[in-house]
Amino acid sequence: MNKKSIFIICLLMLSFISISAVAQDYKKQRPQKEWRLVWKDEFKGKRLDPKSWKRCEAGGADWMRHMSPLDSLCKVKNGVLELWGVVTPEGLNESRPYITGGVYSEGLRSAKNGRFEIRARFDCAQGFWPAIWLMPDVKTP
């Protein structure tokens, strides 16, 4: 290793230590905020709360293309919202090879600032594209 490489590594290490020290100092000076809970959904009951959630409908965007209103793809049980993606069952008048359930809260629940906690588990499969998006509640260009 040449002197220039050693110098660059030392410089990077000093920069990291300096940044860490400044961040720790800032944390000590910043007053701790008390968070106030404004909404939560523990998914009690047997169906979605219509005051908080709507079912996603199929649309033109890639992520909406396979949304389906089938009740079997969106279940609430034991305090858990289950959204399923499946091979399209035989007998449905459906040309899409796969369908999935989805929910959104646009126009029902929103927050301008704050902290969001979401508990989720995703199973994996080929072509699976799980997502939790925080979208604005206003139309953007």
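Student: Let's start with E117: is this residue buried or exposed?

Tutor: In this predicted model, E117 counts as exposed, because its relative accessibility is 63%, and the cut-off for that class is over 50%.

Student: And which residue does E117 form a salt bridge with?

Tutor: The general idea comes first. Side chains of opposite charge can pair when their charged atoms come close. Here, E117 pairs with R115, and the closest N and O atoms are 2.5 Å apart.

Student: How many salt bridges does the count come to?

Tutor: The count comes to four salt bridges. One of them joins D71 to R55, with 3.7 Å between the closest N and O atoms. D71 sits in the loop between strand 1 and strand 2 while R55 belongs to strand 1, so this pair ties together parts that are 16 residues apart in sequence.

Student: How does accessibility look for D71 and for R55?

Tutor: D71 is exposed, at a relative accessible area of 61%. R55 is partly exposed, at 22%; the buried class would need a value under 20%.

Student: Which residue forms a salt bridge with K77?

Tutor: That is E82, and the closest N and O atoms of the pair are 3.9 Å apart. The cut-off for a salt bridge is 4 Å. K77 counts as partly exposed, with 40% relative accessibility.

Student: Where is E82, and what else does E82 touch?

Tutor: E82 is placed in strand 3, residues 80-83. Setting aside residues up to four places away in sequence, E82 touches L73, C74, K75 and K77. The side chain of E82 also makes a polar contact of 3.2 Å with the side chain of W84.

Student: C74 appears in that list. How many disulfides does the structure hold?

Tutor: A disulfide is a covalent bond between the sulfur atoms of two cysteines. To read one from a model, look at the distance between the sulfurs; the cut-off here is 2.5 Å. This structure holds zero disulfides.

Student: Why is the sulfur of C74 not bonded to the closest cysteine sulfur?

Tutor: Because the closest cysteine sulfur, in C56, is 9.0 Å from that of C74, which is too far for a bond. Seen from the other side, the closest cysteine sulfur to that of C56 is in C74, again at 9.0 Å.

Student: Are these two cysteines buried or exposed?

Tutor: C56 is buried, with 6% relative accessible area. C74 is buried too, with 12%.

Student: Let's move to S68. Where is S68 found, and is it buried or exposed?

Tutor: S68 is found in the loop between strand 1 (54-55) and strand 2 (74-77). At 4% relative accessibility, S68 counts as buried.

Student: Which residues are in contact with S68?

Tutor: When you read a contact list, it helps to leave sequence neighbours out. Beyond four places in sequence, S68 is in contact with R55, C56, L73, R96, I99, T100 and G101. Two of these have come up already: R55 in the salt bridge with D71, and C56 as a buried cysteine. The side chain of S68 also reaches the backbone nitrogen of L70, at 3.2 Å.

Student: Which residues form a nonpolar patch on the surface?

Tutor: The patch is formed by F116, I118, F122, F128, I132 and L134, and together they have about 630 Å² of accessible area. I132 lies in the segment after strand 6 (103-104) and counts as partly exposed, at 46% relative accessibility.

Student: What about A131, where is that residue found?

Tutor: A131 is also in the segment after strand 6, and counts as partly exposed at 42% relative accessibility. Sequence distance and spatial distance are worth reading side by side here. A131 and W63 are 68 residues apart in sequence, with 9.3 Å between their C-alpha atoms.

Student: Now the whole chain: what does the secondary structure come to?

Tutor: The chain has one helix and six strands, in the order α-β-β-β-β-β-β along the sequence.

Student: And what do the totals give for burial, surface and contacts?

Tutor: Buried residues are 13% of the 141 residues. The chain exposes about 12,900 Å², with 57% of that supplied by carbon and sulfur atoms. Among contacts with a separation of 6 or more, 52% come from residues 24 or more positions apart.

Terms used
Residues are numbered from 1 along each chain as its sequence is written. This is a predicted model: local features need pLDDT of at least 70, side-chain atom pairs count only at pLDDT 80 or more; totals for chains, interfaces and linings use all residues. Side-chain values use heavy atoms; hydrogens and water are left out. Helices (H or I, at least four residues) and strands (E, at least two) are DSSP runs, numbered from the N terminus. Buried means under 20% relative accessible area, exposed over 50%, partly exposed in between (1.4 Å probe, protein chains only). A polar contact is a pair of N or O atoms within 3.5 Å; within protein, one must be able to donate a hydrogen and the other to accept it, and residues adjacent in sequence count only if both atoms are side-chain atoms. Contact means heavy atoms within 4.5 Å. Patches are made of residues with over 30% relative accessible area and no salt bridge: like charges are joined within 9 Å, nonpolar side chains (Val, Leu, Ile, Met, Phe, Trp, Tyr) within 5 Å. Accessible areas come from the Shrake-Rupley method with a 1.4 Å probe; for residues, only the protein chains shown count as cover. A salt bridge is a side-chain nitrogen of Lys or Arg within 4 Å of a carboxyl oxygen of Asp or Glu.
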